[in-house]
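Have the sequence and the model open side by side? Here is a short, friendly tour of the charges, the helices and the confidence.

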Amino acid sequence: MSKGPKRNVAFIKPDEPDFLKRMKAQIGYKEGPTVDAKRQKIENFEDSDDDDREEREDELPQVVVLKEGDLTAEEAAVVEKEEEEKPADLTQKIVFKSKKSKAGGSSLDDVQVLNRKTKKKKEKEAKSKLSFADDDEEQEDG
């Protein structure tokens, strides 16, 4: 038996037996959607990308002008359009900022936690490595 991909597999649905047809007719059974109809529905769903469609007006962010000098909706749209049009600066280093803890200064810094995790991981890796020299020394002592 070959272990290659099985792409030539096909299914032919057999005709429904007569007794089932009669029973379904007696109770008034109606056929639901077929597998092909569901497959077509899924394919059509995948074709419609939500990212490509424009935002509806009710989905746009709400602009509130509290005092003189705040950006209005029109000014915000102009600024957003300018930001989209300018090319990304690939010379700058990408910096991800960590979230600040709500408890204040009592909790450990994220960097310290990350360092501890990496140290523990390295210790586990060091312990899990096979070393035949250590085993030989233990056998000689015992």
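This predicted structure holds three salt bridges, and a salt bridge here is a side-chain nitrogen of Lys or Arg within 4 Å of a carboxyl oxygen of Asp or Glu. Side chains of opposite charge can pair when their charged atoms come close. Here are the three pairs, with the distance from N to O:

| Positive partner | Negative partner | Distance |
|---|---|---|
| Lys24 | Glu16 | 2.9 Å |
| Lys24 | Glu31 | 3.4 Å |
| Arg39 | Asp36 | 3.2 Å |

A quick word on ground rules. Residues are numbered from 1 along each chain as its sequence is written, and side-chain values use heavy atoms, leaving out hydrogens and water. Since the model is predicted, local features need pLDDT of at least 70 and side-chain atom pairs count only at pLDDT 80 or more, while totals for chains, interfaces and linings use all residues.

How open are these partners? Buried means under 20% relative accessible area, exposed means over 50%, and partly exposed is in between (1.4 Å probe, protein chains only). Glutamate 16 has 28% relative accessibility, so it counts as partly exposed. Lysine 24 is partly exposed too, because its value is 23%. Glutamate 31 comes out at 55% and therefore counts as exposed.

Over in helix α2 (residues 35-47), arginine 39 and aspartate 36 sit three residues apart, about one turn of the helix. An α-helix has 3.6 residues a turn, so residues three or four places apart point the same way. Aspartate 36 is exposed because its relative accessibility is 54%, whereas arginine 39, at 45%, is partly exposed. Shared partners also join Glu16, Lys24 and Glu31 into one salt-bridge network.

Which residues gather in a patch of positive charge on the surface? They are Arg116, Lys119, Lys120 and Lys124. A patch like this is made of residues with over 30% relative accessible area and no salt bridge, like charges being joined within 9 Å. Lys and Arg count as positive and Asp and Glu as negative, with His and the chain ends not counted. Each charge is placed at NZ of Lys, CZ of Arg, CG of Asp or CD of Glu. From the positive group, lysine 119 lies in helix α4 (residues 110-128), and it is exposed because its relative accessibility is 56%.

There is a negative patch on the surface as well, bringing together Glu55, Glu80, Glu82, Glu84 and Glu85. Glutamate 80 has its place in helix α3 (residues 73-85).

Now zoom out to the whole chain. It has five helices and zero strands, and along the sequence the pattern reads α-α-α-α-α. Helices (H or I, at least four residues) and strands (E, at least two) are DSSP runs, numbered from the N terminus. Of the 142 residues in the chain, buried ones make up 0%. The chain exposes about 15,600 Å², and carbon and sulfur atoms supply 53% of that; the areas come from the Shrake-Rupley method with a 1.4 Å probe.

Helix α1 fits into that picture: zero of its ten residues are buried. Just after α1, glycine 28 takes a positive phi of about 75°.

Finally, how sure is the predictor? The confidence score for each residue, pLDDT, runs from 0 to 100. The chain has a mean of 75, and 70% of its residues reach 70 or more. Confidence is highest in helix α1 (residues 18-27), at a mean of 93, and lowest in helix α5 (residues 132-141), at 57.

Conventions:
Patches are made of residues with over 30% relative accessible area and no salt bridge: like charges are joined within 9 Å, nonpolar side chains (Val, Leu, Ile, Met, Phe, Trp, Tyr) within 5 Å. pLDDT is the predictor's confidence in each residue, from 0 to 100.
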